[in-house]
Structure formats: C-alpha cells, structure tokens
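This report covers charged pairs, a surface patch and one backbone angle. Please keep the sequence and the model at hand while reading.

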Amino acid sequence: MSVVRAADAEFERDAQRRLDPHKGPVVDGIKRQVWSNSQPIRQIFKRAFAAADLPYFTPHRVRNTVVEYAYLTCRTPEEFKAFSQNLGHESVVTTLSSYGQIPLARQRELIRNAGKSKDLDAKLELLLERLDQTEN
C-alpha cells in the first residue's frame, strides 16, 4: 500500500464517493477537523508510512521534498504555481519562503548559469556548425 493510499484511507473512513453530473467526482462525508497542534497529522503520516513499509518522514519534510521536486521540474511560473496551490498556498511567496531551501552549492550553480540553456546552447552550436559546412 502506498503512503498516499494509507493516508486517504485515514481521512476517508466515512466518505462516500459519487459522480455529480455537473461537478464530476465528489466525495461526501469527510469531516473537517480543527487540530490544536500537528500531532494528529503526524500520527496519520506515521501510520501511512508504516503501512507502506517506508521510513517515517514528517509532514513538513514531505512538503519540502515536493517543493524541491517542483524546483527541479517546473519550467514555467504557471507550473510552479500549480504545485504551490496543491500545497494549499494562496501565494507562491508562501511556498518560496517556507519550503525547498536551495543548498548553497546549487545556488551558486544556478546564478552562474542564469540565462544559459545547455539544450539551447547545444542546438545553437549544431546550427552554427551546419552553417559553416554549407559555406565551405
């Protein structure tokens, strides 16, 4: 069982799924709970990781990993905004300031290569080589 399925089972114990002709898939019966601290979600994560036979990671660490993945894969601000919204943030600034700290070595690399695209550079080199060959 995956961590996500185990966590879903925890939240959807009394849930009923249905297909609404206007809204699409809908889940009824999920009770919103207000917690005074993070202990309940930590317990849910611990049970979910144990059910998936994986080592435990805190909810904050999981969210941080999601943001690190977004940093590596998102090619547009819109893609990053989608990750941010998926984390429940109204503003990308919350995501950027709270999660996904960039290690110093990676920060240097990003600054050094800002504006450079290895793929684009390689394509330009290939194009220039072909132009040279046609002129000769």
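How many salt bridges does the structure hold? The model is a predicted one, and the structure holds four salt bridges. Three of these pairs are described here, with the separation between side-chain nitrogen and oxygen given in the table.

| Pair | N to O distance |
|---|---|
| Asp-20 and Arg-18 | 3.4 Å |
| Glu-68 and Arg-61 | 3.7 Å |
| Arg-106 and Glu-109 | 3.1 Å |

**Salt bridges**

Asp-20 pairs with Arg-18 through their side chains. Asp-20 counts as buried because its relative accessibility is 15%, and the cut-off for buried is under 20%. Its partner, Arg-18, is partly exposed, with a relative accessible area of 39%.

Glu-68 and Arg-61 also meet in a salt bridge. The relative accessibility of Glu-68 is 28%, so Glu-68 counts as partly exposed. Arg-61 is likewise partly exposed, at a relative accessible area of 33%.

Where do Arg-106 and Glu-109 lie? Both are in helix H6, which covers residues 104-112. They are three residues apart, or about one turn of the helix. The closest N and O atoms of this salt bridge are 3.1 Å apart. Arg-106 has 31% relative accessibility and therefore counts as partly exposed. Glu-109, at 32% relative accessibility, is partly exposed as well.

**Nonpolar patch**

Which residues make the nonpolar surface patch of about 360 Å²? The patch is made by Leu-124, Leu-127, Leu-128 and Leu-131. One of these, Leu-124, has its place in helix H7, residues 118-135. Leu-124 has a relative accessible area of 42% and is partly exposed. Leu-124 can be counted in a patch on area grounds because its 42% passes the requirement of over 30% relative accessible area.

**Backbone at Asp-53**

Asp-53 has a phi angle near 55 degrees. This is a positive value in a residue other than glycine. Asp-53 is found in the loop that runs between helix H2 (39-51) and helix H3 (59-73).

Is Asp-53 buried or exposed? Its relative accessibility is 70%, so Asp-53 counts as exposed; the cut-off for that class is over 50%.

**Recap**

Among the aspartates described, Asp-20 is buried, whereas Asp-53 is exposed. The Asp-20 side chain meets that of Arg-18 in a salt bridge, and Asp-53 carries the positive phi value. In helix H7, Leu-124 contributes to the nonpolar surface patch.

Key
Residues numbered from 1 in each chain as written. Predicted model: local features only at pLDDT ≥ 70, side-chain atom pairs only at ≥ 80, totals over all residues. Heavy atoms only, no water. Patch = residues over 30% accessible without salt bridge, like charges linked within 9 Å, V, L, I, M, F, W, Y side chains within 5 Å. Areas by Shrake-Rupley, 256 points an atom, 1.4 Å probe, with all protein chains shown as cover. Helix = DSSP H or I, 4+ residues; strand = E, 2+ residues; numbered from the N terminus. Buried < 20%, exposed > 50% of the residue type's maximum accessible area, 1.4 Å probe, protein only.
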